[in-house]
Amino acid sequence: MNHILLFPILFPIVAGIMLLTIIKYQNRKPLLVFVGTVLGVNALWGVFAMCRVSEGVTVFYLTKSLPIYFKVDTLGRLFASLMVLVWLLGGFFSFEYMKHEKNEQRFYGFYLILYGVLFGLDFSGNLITMYLFYEFMTLTALPLVLHTQTKEAVMAGLKYLFYSFAGAYMALFGVFFMGKYAKTLEFTPGGVIDPAVLRENETLFLVVALLMIVGFSVKAGMFPMHAWLTAAHPAAPGPASAVLSGIIVKGGILALIRVVFEIIGPDFIRGSWVQRLWMALSLLTVLLGSLLAFREPVLKKRLAYSTVSQLSYILFGLSLFDRQAMTGSLLHIAAHVFIKVALFLTAAAVIYMTGCKRVEELRGVGKGMPVTMWCYTIVSLGLVGIPPTSGFISKWYLAAGALHTGIPVFSWLGPVILLISALLTAGYLLPVSMEGFFPGKEYDAERFQGKEPPLLMRVPLMIFAGFTLALGLFPNVLTNILSAVADFLM
Amino acid sequence: MEIVLNFPCLSILLAMFSAIISSALNRKWARYLNTFVVAAVGILSAAVLWLTITANQSFIYKMGHFPAPFGNEIRFGPLEAGMALFFAVIMLLSLNGGREKIRMEIDPGKEKLYYIMINLLLSSLLALVYTNDIFTAYVFVEINTISACGMIVITEHGRTIEAATRYMIMSLLGSGLFLIGICILYDMTGHLLMEYLYTSISNLMAAGTYRIPMMVAIALIVVGLAIKSALFPFHAWLPDAYGYSTVSSAAMLSSLVSKGYIFLLIKLIYRVIGFEVFYGSRIINVLFVFGLAGMIMGSVSAIRENDIRRMISYSSVAQIGYIYMGFGLGTAAGMVASVFHILSHGATKSLLFVAAVGLTDASGGHKEFDELTGAAYRNKLAGAAFLVGALSMVGIPLFSGFISKLLFAQSAIQSQGKALPALIVLAVSTVLNAIYFMKTVIRIYTPTDKEYEVTAFGYKISYAITLGCFILLNLLLGLFSQPITNWITQGLTILQ
Amino acid sequence: MSRLWLCFVVVFPIFVGFFAPFVYRKWRDYFRIYLGLSVLLNSIIVWGLLFYRPETGITLFHFTGNLTIAFELDGLGCVFAGLVSFLWPLATLYSFEYMTKEEHEDIFFLFYTMTYGVTLGIALADNFLTMYCFYELLTLVTVPLVMHTLTREAILASRKYLCYSIGGAAFAFIGMIFIILYGTTTEFVLGGVLEPGKIGGKEHILLLVYIFTFLGFGVKAAVCPFNSWLPQAGVAPTPVTALLHAVAVVKSGAFAAMRVTYYSFGTEFLRGSFAQHFLMVIVMFTILYGCSMALKETHLKRRLAYSTISNLSYILFGVVIMTPLGLGAALTHMVCHAFMKICSFFCAGAIMHQTGRHYIYELEGFARKMPKVFAIFTISAVALMGAPGLCGFISKWNLAAAALDSGNLLELFGIGCLLGSALLTAMYMLTIVVRGYFPREGFDYDRIADVKDPNWRMLVPLTIFAVAMFLLGIYSQPFVDLFLRVAQGSF
């Protein structure tokens with residue numbers, strides 16, 4: 001019975017591989033039906049499985065002491081449900097968007113494989129299983145990045161790959177260590193290493209912890225390993241950049257939470273120089289991302305820089321090791337998923353309908369595509385953190401948590417930087433809406449006339465915008481769950 | 001049994017008289033006589049070897065039955081007899097292998113002279129091996145020199161005359177030093193027979209007198225013989241002499257002539273100077289260093305060489321370095337290794353010379369490497385033989401060279417303080433050997449489209465048999481070395 | 001099984017090879033059947049020997065003194081012999097197809113098959129001298145394979161190979177002599193044979209000699225700075241580069257290094273000495289050096305050859321950890337790398353055979369035309385990187401675990417090197433994959449219209465290797481246990 005957990009992992013992978021190798025569709029329609037069916041069935045099954053199964057499943061042993069082990073916990077459920085939602089809606093969006101790209105079948109093949117791999121990542125019950133899916137996530141996301149096969153895309157893809165692997169191998173160093181010193185590699189809140197062992201090799205373990213933190217943060221684009229993100233995300237096709245920026249990067253965050261809170265243990269890092277370094281790096285990234293986004297003229301790149309900055313909000317929240325900040329981080333994960341996916345989908349819709357990529361070309365876009373731009377505006381406000389959107393709630397928790405910890409300097413520096421960054425966020429996102437709706441006189445009205453995207457694109461956008469608002473208006477449901485998670489992890 | 005005791009003397013006389021008789025014969029009969037004599041000497045030596053080994057002792061034969069200290073003596077143990085046998089076998093094979101070349105290169109009128117020289121050479125070698133009297137040794141050293149010069153110069157091109165002159169000068173210098181050494185020894189002890197010399201010298205050393213003159217005498221003798229056997233800094237004459245003379249001469253010069261001097265030196269060390277005295281002197285360190293230098297420098301020169309014959313000649317310089325290195329180690333095991341290397345190098349080097357001539361003849365007589373490309377396909381047997389020789393020189397297991405390397409290395413470890421330099425130089429020298437020999441092997445096994453005039457030479461039965469025997473000899477030394485080392489150890493013990 | 005079979009499996013391929021040209025000339029139609037069946041038969045006998053091991057060894061003859069040529073099958077030998085005999089028939093099958101486009105098939109198979117026997121000779125050698133003899137022989141029988149094409153390049157490469165190998169053996173020879181004199185026996189005994197009474201006061205010389213020996217054998221395992229022969233030897237036909245220069249020959253070097261370290265000098269004596277540290281630094285350097293050179297190289301086979309250099313040093317890294325775990329990890333990587341590298345080389349060979357393309361930039365868009373080959377190549381690339389689920393991860397994990405277990409600070413750097421090299425591996429392997437699957441925009445597929453997948457003779461070995469990599473990756477426990485038992489001497 002517990003093995004039904006494996007189904008949502010394997011089914012899309014098998015389907016994707018079949019799509020890549022055996023099945024050859026001549027027309028779009030059967031292909032889309034196939035993909036849609038797989039997406040839908042798997043989503044249902046996945047949700048069913050994660051609601052019903054709470055025990056662990058050991059599938060087999062890679063080698064002695066390395067079981068492939070799945071277990072669903074609240075954290076996994078959170079990430080998995082976000083992922084399912086985005087994957088479904090992103091999939092539907094891409095049904096329309098991918099019309100103007102080549103090699104559709106390949107795209108959907110990898111899209112499905114990645115679907116399964118992400119389920120695997122979210123359901124992983126121990127470090128080695130997670131690492132396995134983490135690596136395969138990196139690999140299978142690569143074809144999405146370089147889908148267009150332009151020189152730029154290929155270079156970006158390779159850059160993505162090498163940065164990711166550099167991070168993964170740094171983390172692997174730590175995994176080796178844990179394999180040696182940990183009693184078990186199964187995720188256990190509070191860590192799995194004997195405190196006595198930790199104290200004995202304190203410096204060594206701190207270095208290892210740092211390596212793992214930095215390694216997994218590569219996926220989350222933390223300075224100094226952030227350069228891949230702003231190259232890779234814009235290069236991918238629209239829906240792909242949305243899922244990359246919304247979900248894949250969260251894979252890094254999930255791994256980080258798992259490692260820091262459930263393998264090494266928060267008590268060991270709290271108060272050490274590693275924590276301070278981590279905080280400093282994440283704050284630096286928050287600021288840096290916003291600044292770079294501010295001066296970036298290409299919309300998708302601007303959004304990518306924004307991702308860099310926003311992810312480090314989450315990282316900063318984690319690095320505080322505070323219950324409240326942790327809740328804020330988790331909230332921000334959810335908020336950022338909806339917001340960033342919506343933003344990228346907007347950009348994709350604009351590119352799809354008009355071909356405009358740069359911000360200054362978008363004057364007056366609101367006149368022609370009002371629904372799209374309204375969605376954009378709502379989620380932008382969310383990202384800036386203006387009530388009543390989800391961003392406000394998460395930032396509130398983050399700032400409150402930071403002040404609550406009382407760590408010298410950082411407890412007040414953090415909120416200040418968050419605030420500055422919020423201002424910058426407003427500065428780089430809102431002008432698009434403003435100029436879009438109020439273009440002044442000299443703009444090309446013809447250009448956007450009647451370019452409202454089709455239903456298949458509009459609906460996902462509206463759903464994401466709706467979620468952003470809903471989270472802000474009725475935060476309590478989620479906050480309660482998430483603070484319980486935070487309690488559990490601390 | 002008694003009659004066998006006469007064989008050593010008989011073989012010397014046989015060789016010498018056949019030289020005299022040959023001058024009266026025509027070239028064909030001279031050739032037959034020579035072959036017969038060499039074969040006969042081989043058989044006689046084999047008989048002596050068998051006798052001495054079974055008796056496990058040495059015998060003294062008084063020439064003309066004059067008693068010591070006035071008479072001249074011959075002394076033979078297993079080692080001497082074995083050496084004589086080995087020399088005879090190698091000589092027979094070398095002559096046989098180079099027979100066609102002798103016929104081609106030497107003026108028919110002078111071919112007879114060549115065989116006279118060979119006979120003289122044989123008799124002098126035998127005398128060097130058997131004699132128990134250092135002045136007799138000197139006399140035969142000179143005879144040896146003269147016949148060797150004759151062998152070099154017989155082909156009569158400009159290069160050989162020059163080479164012979166050089167050889168003559170260096171050789172005479174060596175013999176001169178040797179003679180002075182003998183004189184000093186005689187002056188100090190009043191004896192020429194080895195037994196008496198040995199006793200007097202040990203007495204002198206025990207008394208602590210005449211230390212410096214003794215050192216000078218030893219040094220002169222050693223240096224004299226070292227020059228004659230082409231130890232490293234005195235090797236300048238060698239490449240020309242070996243490289244341009246007719247192939248049989250080259251094979252014999254490298255495998256026999258220089259080895260004869262080395263064997264004489266061994267004999268002097270054991271029977272005259274005394275093992276302990278010799279190793280107590282600092283001479284061995286000098287020999288060790290020059291030996292090591294020779295091992296490296298000989299190979300380096302060989303690598304630079306573009307002429308296959310000269311390359312093989314330079315390789316001899318390196319191999320003689322091995323032998324002197326064995327002396328220099330100062331252990332009995334080192335001596336055994338050196339003696340074994342005399343055999344293994346003798347067998348291998350003459351094989352290489354004979355094989356090389358087959359290869360060059362298949363390439364229109366060119367000796368340069370460019371022209372030798374693919375020669376092994378044109379003369380398959382010579383190619384295979386060269387391969388065996390090269391592998392043996394490099395020290396691949398199964399071939400004789402490996403055993404000498406093994407013995408050298410084992411003895412090196414036992415010596416005090418010389419282990420590491422010896423071993424490292426051994427390894428480096430192996431690398432260098434590999435470089436030039438393997439380069440040549442690959443070269444001759446690289447096919448080419450170039451056509452060469454086919455010579456009948458490579459397909460002569462006698463040539464093939466010679467090569468076959470050489471290869472067999474090599475494998476024999478490589479695979480069944482245990483009895484041979486036993487014999488050498490036994491022989492060296494009895495020699496003392 | 002009777003111990004005579006030990007002799008048989010060494011000698012039989014040599015004879016089979018020896019008569020190959022003869023069979024080729026007389027009965028050409030049966031040539032392949034003859035070779036294929038002989039090789040298969042030999043492999044079956046070897047596997048039979050593995051399962052029914054003879055109790056004692058067999059001595060062929062006495063060389064000199066107490067030196068003998070003798071065979072015995074111990075744990076370490078089992079691993080190597082099993083590996084080699086598993087790969088050889090597959091490689092032979094592959095070469096049948098590959099050699100259709102090369103000349104002198106008979107000469108090629110003559111030496112190729114002989115090498116099988118000689119390699120088994122190394123695996124089964126019972127004492128140092130036997131191993132040394134077969135080690136030298138291995139050099140000699142493989143040289144003709146390197147110079148097979150007879151181009152100028154090939155000649156130079158074979159000359160270099162020969163000189164390097166013989167030179168290495170010359171230094172290893174020193175070690176042999178020391179073992180003969182300072183050991184209780186020359187046979188291989190786990191834990192070393194040095195006689196404690198004799199080595200007093202000579203430790204430093206012995207350690208130095210150990211370094212010589214290790215590096216001497218390391219020449220075949222392409223340890224830096226003696227590695228330049230390996231990429232050059234890539235001019236040989238691909239079956240040679242794949243089987244010999246990724247498995248048989250180079251792993252013989254690593255195998256010999258294991259013998260020297262664990263079975264002759266003994267880890268008790270070596271652990272913690274300057275020799276260990278020195279070698280570890282060299283090995284670590286080689287790991288990174290090989291990878292960086294591979295990244296720079298644009299010739300496909302040479303790139304793989306550089307990758308081999310680096311991976312061989314993984315094995316040597318396991319060896320110089322000098323614990324049973326280290327040896328176990330080294331063996332694991334020896335087996336895993338054999339599959340990964342032979343597979344990627346065979347893919348490269350298939351590409352060369354089908355299209356004559358040699359350079360990576362020429363492979364654009366090939367994945368569409370050769371989907372099977374490229375899929376398998378991708379698997380081997382991912383395995384080489386060390387992604388979990390494939391065999392490369394298992395060996396890396398074991399190496400790292402062994403290094404951590406020994407608790408030496410230098411070994412932590414070693415793990416760093418392993419990971420750095422894994423990153424570089426990802427770079428140089430995946431760029432090929434990416435180029436094959438994702439040609440630049442607007443790539444004209446007509447330009448590579450002639451490209452297609454090879455026939456079953458090439459695909460069967462490739463598929464088997466891919467499956468093996470996968471199986472070793474997810475079900476490695478029995479193998480790793482076996483290797484550990486070998487390393488602890490209980491097998």
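The expected span of a helix is 1.5 Å times one less than its number of residues. Keep that rule at hand for the first view. The model shown in these views is predicted.

**View 1. Helix H6 of chain A spans the length its residue count suggests.**
H6(A) has 31 residues. From first C-alpha to last, H6(A) reaches 45 Å, close to the 45 Å expected at 1.5 Å a residue. Is H6(A) mostly covered or mostly open? Mostly covered: 23 of its 31 residues are buried. A general point helps when looking at any such helix. An α-helix has 3.6 residues a turn, so residues three or four places apart point the same way.

**View 2. Chain A meets chain C.**
Two pairs of chains touch, and the pair A and C has the most contacts. Chain A brings 31 residues to this contact, and chain C brings 29 residues. Which elements of chain A give two or more residues to the side that touches chain C? They are strand S1 (57-63), helix H5 (127-145) and helix H6 (151-181). H6(A) gives the most, with 15 residues. By class, this side of chain A holds 21 nonpolar, 6 polar and 4 charged residues. The helix of the first view is back here: H6(A), with 23 of its 31 residues buried, is also the top contributor to the side of chain A that touches chain C.

**View 3. Chain B meets chain C.**
Here 23 residues of chain B are in contact with 25 residues of chain C. Three helices of chain B each give two or more residues to this side: H19 (400-414), H20 (419-444) and H22 (481-495). H20(B) gives the most, with 10 residues. How does this side of chain B divide by class? It has 15 nonpolar, 6 polar and 2 charged residues. Chain A stays apart from chain B. No contact joins chain A and chain B, and their closest C-alpha atoms lie 41 Å apart.

**View 4. Two strands of chain A form a hairpin.**
S1(A) and S2(A) run antiparallel and are joined by 5 bridges. One pair to find is Thr58(A) with its bridge partner in S2(A), Tyr69(A). The hairpin has 2 residues between the strands. Ser65(A) takes a positive phi near 70 degrees in this hairpin. S1(A) also appears in the second view, among the elements that give two or more residues to the side of chain A that touches chain C.

**View 5. Strand S2 of chain A is enclosed.**
Why is S2(A), residues 66-70, called largely enclosed by the rest of the structure? Because 5 of its 5 residues are buried. To count as buried, a residue needs 20 or more other C-beta atoms within 10 Å of its own. Now look at the side chains. In a regular strand the side chains alternate between the two faces of the sheet. Leu66(A), Ile68(A) and Phe70(A) point one way from S2(A). Pro67(A) and Tyr69(A) point the other way. All of these residues are buried.

**View 6. Met469(C) sits in the largest nonpolar core.**
This core has 611 residues. Which residues have the most contacts inside it? They are Ile342(C) and Met469(C). Leave out residues up to four places away in sequence, and Met469(C) touches Phe339(C), Met340(C), Cys343(C), Ile379(C), Ser380(C), Ala383(C), Leu390(C) and Cys391(C).

**View 7. Glu153(C) is partly exposed.**
Glu153(C) lies in helix H6 (residues 152-182) of chain C. Is Glu153(C) buried, exposed or in between? Glu153(C) has 13 C-beta neighbours inside 10 Å, so it counts as partly exposed. The cut-offs explain this: 20 or more means buried, and 12 or fewer means exposed. Cys336(C) is 183 residues from Glu153(C) along the chain, and their C-alpha atoms are separated by 31 Å.

**View 8. Chains A and B, each taken whole.**
Chain A has 20 helices and 2 strands, while chain B has 22 helices and 2 strands. The C-alpha trace of chain A spans about 70 × 55 × 40 Å along its principal axes. For chain B, the box is roughly 75 × 55 × 40 Å. Chain A has a radius of gyration of 21 Å, which agrees with the value near 23 Å for a compact globule of 490 residues. Buried residues make up 62% of chain A and 60% of chain B.

Notes: Residues are numbered from 1 along each chain as its sequence is written. Chains are lettered from A and ligands numbered from 1 in the order in which they are written. This is a predicted model: local features need pLDDT of at least 70, side-chain atom pairs count only at pLDDT 80 or more; totals for chains, interfaces and linings use all residues. Two residues are in contact if their C-beta atoms, placed from the backbone, lie within 7 Å. Helices (H or I, at least four residues) and strands (E, at least two) are DSSP runs, numbered from the N terminus. Ala, Val, Leu, Ile, Met, Phe, Trp, Tyr, Cys and Pro count as nonpolar, Asp, Glu, Lys and Arg as charged, and the others, Gly among them, as polar. Two strands pair if DSSP finds at least two bridges between them. The radius of gyration is taken over C-alpha atoms; the globule rule is 2.2 Å times the number of residues to the power 0.38. A nonpolar core is a set of buried Ala, Val, Leu, Ile, Met, Phe, Trp, Tyr and Cys residues joined through C-beta atoms within 7 Å.
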